[in-house]
Amino acid sequence: MDVRIHPRRLSGVVTPPPSKSLAHRLVIAAALAAGSSTIKNLAFSQDIEATLRCMQALGAFWETTEDGLRVTGAGDIRQPFGNLPRFDCGESGSTLRFLIPISMAAGQGGVFTGRGRLMERPQQPYMDLFQQRGIAWEQRDGVLTVQGQLAPGEYRLPGNVSSQFFTGLLMALPLLDGPSIIVSTTALESASYVSMTMGVLERCGIRVRYSPQLNGFGVTPGVYCPFEAAVEADWSQAAFWYAAITLGSSLRLRGLSGQSSQGDAAVVSHCKRLSQDGTVSIDLSDCPDLLPPLAVMAAVRRGTTHFTHAARLRLKESDRLSTVSQMLKALGGAVSEEAEGLTVYGVSTLPGGAVDGANDHRIVMAAAIAATRCQGPVTIRGAEAVKKSYPNFWRDYETLGGDVRVL
């Protein structure tokens, strides 16, 4: 689907969708529990649907309720499967990386498939860990087959890889029959997402202890207990509406927790910095997903903005350092791309133009927000990509006064 947006400031009240990051973790925890759990305020984005499919493959069941989801967990699933289960992960990196170790703790592994760039995204940290333990690992023609059983012990990961690897192990290791340790061999980036995982585990009765001396986590064997929870609003998605506010729209956001463990809540402090003139440097190591909306804010400010420590963005749904740069240039912005970041040079106006959404939900949403400050129309190709994380984005955009026309 291609759309054309005619520039218009937005106004009104908007509630961002439920946190996708938290929802992944709650769905998996509920599926591993013995009993029925209730998860309220859950949005059925394509990524969450992928996680639900994969937990069904492990023996869990779920049904929708009036205000969310009821999950009947598989309980004690630590038994070999007759055949390796198949996991269709869609385009969800969280689903794939969380389920790889869980499948080996639950049984003997699995066969993983995906779409888009998902199966091209690197899994080297897992490969290194598991091959040392005699676990078979083969990736061919977009299909990853992992066969073997996870064993308790010490697992060492560099801290500058995606926090998804840490979360996958943190959720899998409690299923084993002995204690384990996960050591971060370097400073842990995206630590807020690991904190989110630990919060979900604590809710389910699973004990995980962080040790500053080890720079790692002690994991005790345990049984996942059923629970009731509500998914808080997503700061990652809220960031786009914050960008619209910074660009001159009159919006009020509802449903966000000021005490959230979501790292992308940092958008509030970054907005304040980008609202001032001069040179600003923003370290994205703990909040890489904020680059697209922050770059849009930077595009029309008085000053230069340096975005650093963002190399991992090259491995997302698109190479986001490249696609953010291309998006801003297509709209008339000034930007230079570096190996691990971007530098955005503020301009007074954006003429508008045509943007390739690159099958990346965050690029599409960023372009739509940028359109509120463009002089001429903005065409976005592949606008349906928002379904990955924010299915109602275009409905909300139009409700707030946006002029969106499907081509």
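Colleague: Which residues of helix H2 are buried?

Modeller: Buried means under 20% relative accessible area (1.4 Å probe, protein chains only). In H2, a DSSP run of H or I with at least four residues, numbered from the N terminus, the buried residues are Asp47, Ile48, Ala50, Thr51, Leu52, Cys54 and Met55. This is a predicted model, with local features needing pLDDT of at least 70, side-chain atom pairs pLDDT 80 or more, and totals for chains, interfaces and linings using all residues. Residues are numbered from 1 along each chain as its sequence is written, and side-chain values use heavy atoms, without hydrogens and water.

Colleague: What do those buried residues pack against?

Modeller: Their partners are helices H1 (20-32) and H3 (93-106), plus strands E4 (61-65), E5 (68-72) and E6 (86-88); strands are DSSP runs of E with at least two residues.

Colleague: Where is there a positive phi just after H2?

Modeller: At Gly59, with a phi of about 105 degrees.

Colleague: And how do I read empty space?

Modeller: Rolling a probe the size of a water molecule over the atoms shows where empty space is left. A cavity is a set of points on a 1 Å grid over the protein atoms alone where a 1.4 Å probe fits but cannot get out; lining residues have an atom within 4 Å of a point. Here, the largest cavity is lined by Pro18, Ser19, Lys20, Ala23, Ala43, Ser45, Ile48, Asp234 and Ser389. Ile48 is also one of the buried residues of H2.

Colleague: Which residues line the second largest cavity?

Modeller: Glu91, Arg115, Gly116, Arg117, Leu118, Arg121, Lys316 and Glu317.

Key: 1 Å grid on protein atoms, 1.4 Å probe; cavity = no way out; pocket = protein on both sides within 12 Å on 5 of 7 lines; lining within 4 Å. Buried < 20%, exposed > 50% of the residue type's maximum accessible area, 1.4 Å probe, protein only. Contact = heavy atoms within 4.5 Å.
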